[in-house]
Amino acid sequence: MTFPLRPRDIFEELRKIVVGQDDAIREISVALVKHLVGQPAPNILLIGNSGSGKTTLMRAVEQYLTTTAGLGDFANVIRMNANVLAEEHSGYGRAVLARLYENARRKLGADAEMEKIIRSVEHAIVFIDEVDKIRAQVSGAPNVRGIVAQEALLTLMENEHVTFGADGAEHEVNSSGILFVAGGAFEELYENVLRRATIGQDVTPLQPVVVVSASGEVREELPFHLRDYLKYEDLFRYGMTPQFVSRFESIVVLNDLAEADLAKIFVEPEGSIFRTSRDYFKRFGVDLQITRGALINIAWDASRQKRLGARALREIFRRVIRNLEFEPTAGVVTIDEQMVKKAITSRDSGRRER
Ligand SMILES: Nc1ncnc2c1ncn2[C@@H]1O[C@H](COP(=O)(O)OP(=O)(O)OP(=O)(O)O)[C@@H](O)[C@H]1O
Ligand SMILES: [Mg+2]
């Protein structure tokens with residue numbers, strides 16, 4: 001069977017939607033091609049701060065696989081939140097298999113052969129978001145829901161004979177060939193590893209460096225990148241069991257988004273904040289524009305909100321655009337640097353007064 005795609009084709013498509021995460025996209029693109037041609041592919045664990053693009057990336061891959069012509073026959077994809085696995089009374093991720101079965105049914109048609117349906121389930125791709133929420137222990141105490149969910153997933157990942165019910169019958173599949181891509185922010189993990197790096201436990205202590213941002217601001221920053229310091233033990237300590245973690249042959253740490261990435265995210269991708277806003281204004285005969293200075297300031301402000309990632313863009317833009325949205329007047333409206341600075345100042349001083 002000839003497969004129509006190379007990893008780079010997938011990479012280029014995903015890059016239009018996901019900004020600043022080229023390493024992660026590369027890794028996923030290769031894994032996808034391997035999996036889709038029927039070779040062993042590594043399960044992937046995506047670790048990245050909140051708002052760095054994990055869900056965006058998973059959603060983009062799902063979208064790509066389900067809408068690209070010619071891939072329909074290869075790809076049976078679902079995306080779910082990890083905590084759903086804890087809610088499953090039937091256990092062992094059977095509901096996951098049932099969903100894949102339904103998917104295959106829908107895709108292959110009502111009168112597809114059972115053998116084809118089962119094969120589609122066995123070669124499915126499963127995205128599991130918020131996997132950091134299924135910890136086996138939380139602050140030293142066992143977390144039953146997390147244990148149950150990790151067990152369920154583990155069973156799916158390695159079991160050659162899993163049964164599940166669908167269409168009023170029991171089916172058996174070998175689920176060990178399903179490709180899993182999981183993602184989570186692992187917030188405390190970040191803090192813990194950062195602490196280890198800062199105090200110099202097992203490593204030379206990190207020293208702050210002076211950085212000059214794109215907007216010309218000078219500040220001190222710790223040159224900390226989780227991927228430089230992360231060890232398997234850190235994940236165990238966080239509450240992911242060794243059996244679970246070791247099933248992810250590839251662990252990818254996403255980048256923290258830099259100012260330039262944030263600016264790009266704000267304007268470029270389809271459905272970006274700015275494009276969406278432009279569409280809104282267009283309905284009222286308004287041509288919404290933004291100056292370079294305004295854009296730089298929005299990105300700069302967002303990059304200061306360390307814990308929000310790209311979500312911070314939305315927050316600051318809302319402050320800038322609020323009044324304009326209420327009463328749009330036809331013509332050209334340009335968001336300039338002054339408007340953004342004013343919004344930032346009023347928010348920052350509001351914070352001080354509290
Ligand atoms: N790398 C990125 N490329 C493009 N857009 C991004 C990126 N990162 C974040 N965004 C934008 O920011 C918003 C939040 O991103 P997303 O939901 O992917 O974050 P996340 O990493 O899943 O965070 P969390 O850990 O909180 O779930 C999205 O609406 C998306 O538009
Ligand atoms: Mg997310």
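For sorting a pocket lining by class, I count Ala, Val, Leu, Ile, Met, Phe, Trp, Tyr, Cys and Pro as nonpolar, Asp, Glu, Lys and Arg as charged, and the others, Gly among them, as polar. I keep in mind throughout that this is a predicted model.

**Entry: the second largest pocket**

I applied these classes to the lining of the second largest pocket and found 20 nonpolar, ten polar and eight charged residues. I then looked up the volume of the second largest pocket, which is about 890 Å³. Its lining is made of 38 residues, and I noted Y190, E221, F224, D256 and K306 as those nearest the centre. Two or more lining residues come from each of α7 (187-199), β9 (209-212), β10 (218-221), α8 (226-229), α11 (259-267) and α13 (292-304). Because domain 1 (7-190 + 221-253) and domain 2 (259-353) both give residues to this lining, I place the second largest pocket between them.

**Entry: the largest pocket**

I turned next to the largest pocket, for which I wrote down a volume of about 1000 Å³. I found 37 residues lining the largest pocket, with I17, G53, T55, T56 and R59 closest to its centre. Which elements supply at least two residues of this lining? I listed α1 (7-15), α3 (54-67), β8 (179-184) and α14 (311-326), and I marked α3 as the one that gives the most, with eight residues. Sorted by class, the lining of the largest pocket holds 13 nonpolar, 13 polar and eleven charged residues. Here too I asked where the pocket lies with respect to domain 1 and domain 2. Both domain 1 (7-190 + 221-253) and domain 2 (259-353) contribute lining residues, so the largest pocket lies between them.

**Entry: ligand 1**

I looked up the surroundings of ligand 1 and found 19 residues around it, of which V19, S50, K54, T55 and T56 come nearest. I then went through some polar pairs, beginning with the backbone, where an N or O atom of G51 lies 2.8 Å from an oxygen atom of ligand 1. For G53 I noted a polar backbone atom at 3.0 Å from an oxygen atom of ligand 1. From R311 it is a polar side-chain atom that lies 2.9 Å from an oxygen atom of ligand 1. I also recorded that ligand 1, taken alone, exposes 630 Å², and that the protein buries 84% of that area.

**Entry: the cavity**

Last, I searched for cavities of 30 Å³ or more, and the count came to one. How large a volume does the largest cavity have? I noted about 30 Å³. The residues that line the largest cavity are N49, S50, A185, E187 and R307, and by class I divided them into one nonpolar, two polar and two charged. I marked S50 in particular, since S50 lines the largest cavity and is also among the residues that come nearest to ligand 1.

Conventions. Residues are numbered from 1 along each chain as its sequence is written. Chains are lettered from A and ligands numbered from 1 in the order in which they are written. This is a predicted model: local features need pLDDT of at least 70, side-chain atom pairs count only at pLDDT 80 or more; totals for chains, interfaces and linings use all residues. Side-chain values use heavy atoms; hydrogens and water are left out. On a 1 Å grid over the protein atoms alone, a cavity is a set of points where a 1.4 Å probe fits but cannot get out, and a pocket is an open set with protein on both sides within 12 Å along at least five of seven lines; lining residues have an atom within 4 Å of a point. Grid points are joined across faces, edges and corners, and a volume is the space filled by probe spheres set on the points. Helices (H or I, at least four residues) and strands (E, at least two) are DSSP runs, numbered from the N terminus. Domain bounds come from an automatic or database domain assignment. A residue is near a molecule or strand if one of its heavy atoms lies within 4 Å of it. A polar contact is a pair of N or O atoms within 3.5 Å; within protein, one must be able to donate a hydrogen and the other to accept it, and residues adjacent in sequence count only if both atoms are side-chain atoms. Accessible areas come from the Shrake-Rupley method with a 1.4 Å probe; for residues, only the protein chains shown count as cover.
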